[in-house]
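Biologist: Please take one part of this model and look at it closely. Then work outwards from it and tell me what surrounds it, in one connected account.

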Amino acid sequence: MLQDISVWRQEVRTIENMGAAVIFTRNLVTDDGRIEPVRGAEVTANAFSLMARPPLMGRALTERDERQSEPPVVVLSHALWTSRFAGDPAILGKTLKLGTVTAAVVGVMPEGYAFPVRERIWTPLRVGAGAVGPRT
């Protein structure tokens, strides 16, 4: 499917915008050593623009984040930000571990934002040219 999205983006001309998501559950590990499973989604960057809700803080994912050569980043749900990080306004730029991947927090979505369903964290879906993205 990931290769299909890459091809569709390049060749389909009748659709203005197209996004994709892969749902996951991974362990979230923070500096305090707490570990908890968290439901999230690997999404194409345009998924946020399709939903037309800007982040509460920081930024959403960008097309650049989808590149394999870019460092891992995450966007947090408002619920995760308030429950796990006590609504820390200095969360942007801090790192956390999602599975075995260490990623920087680049954004926090507003309260009530849920895409595709009830995800609490988002990472870039890395598509194209053999990309698979960090799935650990």
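Modeller: I start at Ala86, which lies in the loop between α3 and β5; helices (H or I, at least four residues) and strands (E, at least two) are DSSP runs numbered from the N terminus. The model is predicted, local features need pLDDT of at least 70, side-chain atom pairs count only at pLDDT 80 or more, and totals for chains, interfaces and linings use all residues. Residues are numbered from 1 along each chain as its sequence is written, and side-chain values use heavy atoms, with hydrogens and water left out.

Ala86 has a positive phi of about 50° without being a glycine. Most residues other than glycine have a negative phi. With a relative accessibility of 70%, Ala86 counts as exposed; the classes are buried under 20% relative accessible area, exposed over 50% and partly exposed in between, with a 1.4 Å probe and protein chains only.

The loop leads into β5, a strand with two faces. Leu96 and Leu98 form its covered face, while Thr95 and Lys97 form the uncovered one. β5 pairs with β1 in the antiparallel sense over two bridges, where pairing requires that DSSP finds at least two bridges between the strands. Lys97 is the bridge partner of Val29. β5 also pairs with β6, again antiparallel, over four bridges, and Leu96 stands opposite Ala103 of β6. Two residues separate the strands in the hairpin of β5 and β6, and Gly99 there takes a positive phi near 70°.

The covered face of β5 leads to the interior. Leu96 and Leu98 are among the residues that touch the most other members of the largest nonpolar core, which has 16 residues; Val74, Leu76, Ile91 and Ile121 complete that group. A nonpolar core is a set of buried Ala, Val, Leu, Ile, Met, Phe, Trp, Tyr and Cys residues joined through side-chain atoms within 4.5 Å. At least two residues of this core come from each of β1 (21-29), β4 (73-76), α3 (78-84), β5 (95-98) and β6 (101-108). The largest share, three residues, is that of β6. In soluble globular proteins, nonpolar side chains tend to be buried together.

Val74 shows how these pieces meet. Beyond its neighbours within four places in sequence, Val74 is in contact (heavy atoms within 4.5 Å) with Leu96, Leu98, Ala103, Ala104, Val105, Val106, Gly107, Ile121, Trp122 and Thr123. Another core, of 14 residues, lies apart from this one and includes Ala47, Val73, Val75 and Met109.

Trp122, one of the contacts of Val74, is buried at a relative accessible area of 0%. Tyr113 is buried as well, at 6%. Rings of Phe, Tyr and Trp (its six-membered ring) pair if their centres lie within 6.5 Å; planes under 30 degrees apart count as stacked, over 60 as edge-to-face and the rest as tilted. One aromatic pair meets this rule. Tyr113 and Trp122 make up that edge-to-face pair, with 5.3 Å centre to centre and 70° between the planes.

The loop between β6 and β7 (121-124) holds Pro116. Phe115 and Pro116 are joined by a cis peptide bond, with omega about -10°. Most peptide bonds are trans.

Met109, a member of the second core, leads to a further loop. Pro55, in the loop between α2 (46-51) and β3 (57-58), is 54 residues from Met109 in sequence, but their C-alpha atoms are 4.4 Å apart. Pro55 is partly exposed at 24% relative accessibility. Apart from residues within four places in sequence, Pro55 is in contact with Ala60, Val108, Met109 and Pro110.

On β2 (residues 35-43) is Glu36, which touches Arg26, Asn27, Leu28, Arg84 and Arg120, not counting residues up to four places away in sequence. Arg26 also lies over the face of Phe24, 3.9 Å from the ring centre; the rule asks for NZ of Lys or CZ of Arg within 6 Å of the ring centre and within 35 degrees of the ring normal.

As for the chain as a whole, there are three helices and seven strands, in the order α-β-β-α-β-β-α-β-β-β. Buried residues account for 44% of the 136 residues. Of the contacts between residues at least 6 apart in sequence, 69% join residues at least 24 apart.
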